[in-house]
Amino acid sequence: MEVTALRLMINMWLLLQVQDNYCALKADAAFLRVTPARLQHFEYKSVSFDCEGFDGELGLRVMKKSQNANTCSTNRNIQKGSLCTIETVYIDDSGEYWCETGDGKKSDTVNITVTAGSVILESPVHPVKEGDAVTLRCRNKTASSTISASFYKNGFLIKNSSADNMIIPSVSRSDEGLYRCNISGSGESPQSRLTVRVFQKETIAICSDQLPVLLYLFVRIVGTMLWAALLLLVLRKRDSGKDRGK
């Protein structure tokens, strides 16, 4: 009986670990995909948004923060299911976009910038994981290649590059901030934020939509453990009574 109780405790611990990993994967899997995959875009170009990782969710759509209505769908935008395509973007299309289900579940927001200028900064759309390599690229609207570019973080020059990119080999929280770039003779890009996430394995995060299942399993396992302990106690008392009778 003691072995059975120990096994039940081990199974409960394993269940929490699996649930932790599942929730982390589920949270990371649900996101807004942007095409082209960057935060900054040239005016009059095409940009599309799609929701991924929301398996089986009803009423899934792309939303945009605005004064009138939080929706990507307008008279000039094409929305089919969770895919929203803006064939020709304007400066007014800049802003926060996210995915939202019919019952109100949301993805992280993505801050898109549309510029009428000749230079943009290509940077990750979503937060990057600490330790990953990150490439920032300065792109010229009219030229296919860039000879050199300058990169700035929070308003300060951090690198003059002989190429069109800047590589951070192992990104950390200290690399977070607002980045922009400049191409001599062409202009300067808008600013975009680089966000770095630190994943802590020791933190157990339980999915809110899995709480009823976990509660049921917890009650069932604890109840089984109590029943096993009670049965063990009864058997010990019975054996003790037999010994006294002898």
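A residue counts as buried when its relative accessible area is under 20%, as exposed when that area is over 50%, and as partly exposed in between (1.4 Å probe, protein chains only). By that yardstick, 33% of the 246 residues of the protein chain are buried. This is a predicted model, so local features need pLDDT of at least 70 and side-chain atom pairs count only at pLDDT 80 or more, while totals for chains, interfaces and linings use all residues. Residues are numbered from 1 along each chain as its sequence is written, and side-chain values use heavy atoms, with hydrogens and water left out.

**Overall fold**

- The protein chain has 2 helices and 18 strands; helices (H or I, at least four residues) and strands (E, at least two) are DSSP runs, numbered from the N terminus.
- Of the contacts in the protein chain with a separation of 6 or more, 60% are between residues 24 or more positions apart, where contact means heavy atoms within 4.5 Å.

**Salt bridges**

- A salt bridge here is a side-chain nitrogen of Lys or Arg within 4 Å of a carboxyl oxygen of Asp or Glu, and the count by this rule is 7.
- As background, side chains of opposite charge can pair when their charged atoms come close.
- Glutamate 122 and arginine 139 form one such bridge, at 3.1 Å from N to O. This pair links distant parts of the chain, with glutamate 122 in strand β9 (residues 119–122) and arginine 139 in strand β11 (residues 134–140), 17 residues apart.
- Glutamate 122 is buried because its relative accessibility is 17%, whereas arginine 139, at 37%, is partly exposed.
- These two residues also belong to a network of salt bridges that links Arg38, Glu122 and Arg139.
- Aspartate 164 and arginine 137 form another bridge, at 3.8 Å from N to O. Here too distant parts of the chain are linked: aspartate 164 sits in the loop between β13 (156–161) and β14 (165–168), arginine 137 in strand β11, and the two are 27 residues apart.
- Aspartate 164 has a relative accessible area of 19% and so is buried, while arginine 137 is partly exposed at 32%.
- Arginine 173 and glutamate 176 meet at 3.4 Å from N to O. Arginine 173 is partly exposed, with a relative accessible area of 45%, and glutamate 176 is partly exposed as well, at 24%.

**Two buried charges without a salt bridge**

- Which side chain of opposite charge is nearest to aspartate 175? The nearest is lysine 153, 5.0 Å away, and aspartate 175 is buried yet has no salt bridge.
- For charge signs, Lys and Arg count as positive and Asp and Glu as negative; His and the chain ends are not counted.
- Aspartate 175 lies in the loop between β14 and β15 (177–183). Not counting residues up to four places away in sequence, aspartate 175 touches Lys153, Ile168, Ser170 and Leu194.
- Lysine 153, in strand β12 (residues 149–153), is likewise buried and has no salt bridge. With neighbours within four places in sequence left aside, its contacts are Ile158, Ser174, Asp175, Glu176, Leu178 and Tyr179.

**Valine 119 and proline 124**

- Valine 119 is found in strand β9 and is buried because its relative accessibility is 1%.
- The C-alpha atoms of valine 119 and phenylalanine 42 are 8.1 Å apart, though 77 residues separate the two along the chain.
- Beyond its neighbours within four places in sequence, valine 119 is in contact with residues including Phe42, Cys138, Arg139, Cys181 and Ile183.
- Proline 124 lies in the loop between β9 and β10 (128–129) and is partly exposed, with a relative accessible area of 22%.
- Setting aside neighbours within four places in sequence, proline 124 is in contact with Leu39, Val134, Leu136 and Leu194. The C-alpha atoms of proline 124 and valine 134, 10 residues apart along the chain, are separated by 7.8 Å.

**The second largest pocket**

- A pocket is an open set of points on a 1 Å grid over the protein atoms alone, where a 1.4 Å probe fits, with protein on both sides within 12 Å along at least five of seven lines; lining residues have an atom within 4 Å of a point.
- The second largest pocket has a volume of about 300 Å³, a volume being the space filled by probe spheres set on the points.
- Its lining has 16 residues, with Leu39, Thr109, Asn111, Val125 and Arg193 nearest the centre of the pocket.
- β8 (110–115) and β17 (192–194) each supply at least two residues of this lining.
- By class, the lining has 6 nonpolar, 7 polar and 3 charged residues; Ala, Val, Leu, Ile, Met, Phe, Trp, Tyr, Cys and Pro count as nonpolar, Asp, Glu, Lys and Arg as charged, and the others, Gly among them, as polar.
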